[in-house]
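Me: Please take a close look at the helix packing in this model, and say how far the prediction can be relied on by its own confidence values. I would like one connected account rather than a list.

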Amino acid sequence: MHRQIAGKLTGRVTKWIVLVAWIIIFGVAGGFASKLTDVQNNEASSWLPSSAESTRALEKLAPFQDQNDIPTVLVYTRSGGLTPDDLSAIKAQVAEIQGMKGVVGQVQGPIPSQDGEVAQTVVTYNFGQNGWNDLPATADKLREIMAIDGVTTHIAGPGGQAADSAEAFAGIDGTLLFATLGVVILILLFTYRSPVLWLLPIISAVFALFTSEAVIYFLAKYADLTVNGQSQGILTVLVVGAGTDYALLLVARYREELRRHEDRHEAMAFALHRAAPAIFASAGTVVVGMLCLMLAEMNSTAGLGPVNAIGVGITLLVMVTLLPALLVICGRWIFWPARPHMGSAEPTASGLWARVGRRISPRPRTVWVGTTVVLLVACLGLFKLDAHGLSTEDQYTKEFDSVKGQKVLIEHGLVDTSTPIMVVANADKAQDVAAAMATVPGLSTPDTSVPPVNGVALVTATVPGDVAAQAAFDKVTEVRTAVHGVSGADALVGGSSALYLDIEKASSRDNKVIIPVVLIVVMLILMVLLRALVSPLLLMLTVVLSFGAALGISTLLFEYVFGFNGADASFPLFVFVFLVALGIDYNIFLMTRVREETMTKGTRQGSLIALSATGGVITSAGLVLAATFAVLGSIPLVFLAEMGTAVALGVILDTMIVRSVLVTALNLDLGSKIWWPSKLDRGDHPAEVTAPADEWEPASR
């Protein structure tokens, strides 16, 4: 029945219907996909759950500040000291800055440093919801106003960071897409050795990406789905990478069937029938793994789940409908110059992975034990992992203007007054709260000058240094301990430092909750797919081992090669979900073929045949996915650079070592026991006894 459905999808008439339908969908989706950046939400305050203390504080802070306010610090410095003329010019700029679009409240400054080399002016902008999109243009205008001969200027504070963040993500939808496609095209050219075949997977991937972005645009605009620059960037590489993986598997199986069937429509029907279970299981695992992220407290993490699940789901649909239709429409010539003719030999039968299998088969236990030990040693690098968040200056792979400005302020003893610790409490306890805050060393004198509103008072104090650094988090914790001890105050501590601290706490909680859930869910999927208990358990253990090794090696690279100072708190979770969901794909590709061959040839010989038949396509798929995630490093954000590196390394380990060596060695050592308790676990059959390594040949022709 499945073959009949596959045949109808790629019939002589239906193939054209499928093509026309997708062209119409693509034409409609393209216009909406281009608007996805317009509905991004890159404000850290929107990422936290309502239960976080800083989020609850925001509600009470509403009468004192608009949550859309964007404080911005203008920094002026001259080597040798600012002159009186400089200070006069800076003061004269205040009136022009005050008249700029979006300015709220009074511009404060200039405030000079004690050494006279630096001065700062503080201005607050409010462009309404999604106002950070206006910051780049505003920053450009500010730089024109701030220009003074001989004076170096910087734009710092939340406004400067927002402008720099916009620059970091500038053109992400175009630049990242073209970079990803370029890398994939090169790998496909090398894999297929055809000047034209690569076009079909690429065309299909682009259709999938634009359709996914259009669907996500509507959900973000009308269903409050949280989408930010990071999730859009990850969506691009995931759709192109995973889509190309599915295409590689289908094309490889189609090429096999073309050697067995004269009619290409019949060959595609068989290819879809045999490849579809692995592709559906693979995509389903990724989708379910992504949806597990919805259990996160972090709204940004929870939003990433459905964003990528939608992308993979639509990619699956494209790769089992549009791609087969294109392949059948084009015919055998698309494989030129190596056209697969009816009755021709299958090259994988004597290829690299067939030889690897013959090397493993004499001593499989020695191979899997040795491989496991090497991977466990690589896991030791985890002890160097510092995933407690990144300070402002450590968030980027290059030094942006806002970071330079912040460093200048710190070096010259000026505190960034735009982002203080903000405590809201009952008005009758304001002085007690201020007194409690005064006991915390390192804070400025608590300010209670703002009049209470509706029985709620605001008390503020500034923290020297970076508001996103651990030192600021420690002060927030001390302030919370102090003010929560004031009886009847109902004090809540908010502000930027409190916000970043709560993000770290929520991310740590998500790591502990979601990682076990993903393991259990993926394990259940494998049990259903393979109809066994032992093999799914072994596969999960190998994937976890691969994750640990990839993270261990990556951690050492980050510290001793790239010079990164730690990692984002959500980094382990993101890497784990992507590596488990994507890494298990290759085991699914391999093990579904092992199970298919076991039916007639037994587990051990079936494992060797499966390795030789799928080795090339899985290796190519791994290279594609690793390369696409590595492209994330082109965005100047440490989080994406680290995640791209770790996932790319993990995928390479999965395809080159874990899947090809470790899993195959386990299959050869345990034999039919891996299928326990299914009917395939019935002791050794005659076919289970493999021929000597130098005599065995894959029987898949």
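Reply: What follows looks at two helix pairs, then at an aromatic pair, with the confidence values given at the start.

The model is a predicted one, and its chain has an average pLDDT of 83, with 91% of the residues scoring at least 70. Among the elements of the chain, the highest mean pLDDT, 93, belongs to helix H14, whereas the lowest, 54, belongs to helix H1, which covers residues 2–9. Over residues 684–701 the pLDDT stays under 50, and for this stretch the model has 37 contacts beyond four places in sequence.

Helix H14, the element with the highest mean pLDDT, spans residues 364–379 and packs against helix H22, residues 638–670, at an angle of about 140° and with the axes 8 Å apart. Since angles over 145 degrees count as roughly antiparallel, H14 and H22 are therefore classed as oblique to each other, and H14 passes H22 in a left-handed crossing. On the H14 side the contact is made by Pro364, Arg365, Val367, Trp368, Thr371, Thr372 and Leu375, which meet Ile657, Val658, Val661, Leu662, Ala665, Leu666, Leu668 and Asp669 of H22. By class, these residues divide into 11 nonpolar, two polar and two charged.

The second pair consists of helix H10, residues 264–291, and helix H11, residues 299–319, whose axes come within 7 Å and cross at roughly 165°. That angle makes H10 roughly antiparallel to H11, and here too the crossing, in which H10 passes H11, is left-handed. H10 contributes Ile279, Phe280, Ala283, Val286, Val287, Met290 and Leu291 to the contact, while H11 contributes Gly305, Pro306, Asn308, Ala309, Val312, Gly313 and Leu316. The contact of H10 with H11 holds 11 nonpolar residues and three polar ones, but no charged residues, whereas the contact of H14 with H22 includes two that are charged.

Turning to the aromatic rings, a search of the whole structure finds 15 aromatic pairs. One of them is formed by Phe26 and Phe210, with 5.4 Å from centre to centre and 45° between the planes, and is classed as tilted. Phe26 lies in helix H2, residues 14–33, and Phe210 in helix H8, residues 199–222, so this pair ties together parts of the chain that are 184 residues apart in sequence.

Note on methods
Residues numbered from 1 in each chain as written. Predicted model: local features only at pLDDT ≥ 70, side-chain atom pairs only at ≥ 80, totals over all residues. Heavy atoms only, no water. Axes fitted to C-alpha atoms, helices over the stretch in contact; angles between N-to-C directions. Helix = DSSP H or I, 4+ residues; strand = E, 2+ residues; numbered from the N terminus. Parallel < 35°, antiparallel > 145°, perpendicular 65-115°, else oblique. Left-handed = near helix turned anticlockwise from the far one by under 90°. Contact = heavy atoms within 4.5 Å. Nonpolar A, V, L, I, M, F, W, Y, C, P; charged D, E, K, R; others polar. pLDDT = per-residue confidence, 0-100. Phe/Tyr/Trp six-rings, centres within 6.5 Å; stacked < 30°, edge-to-face > 60°.
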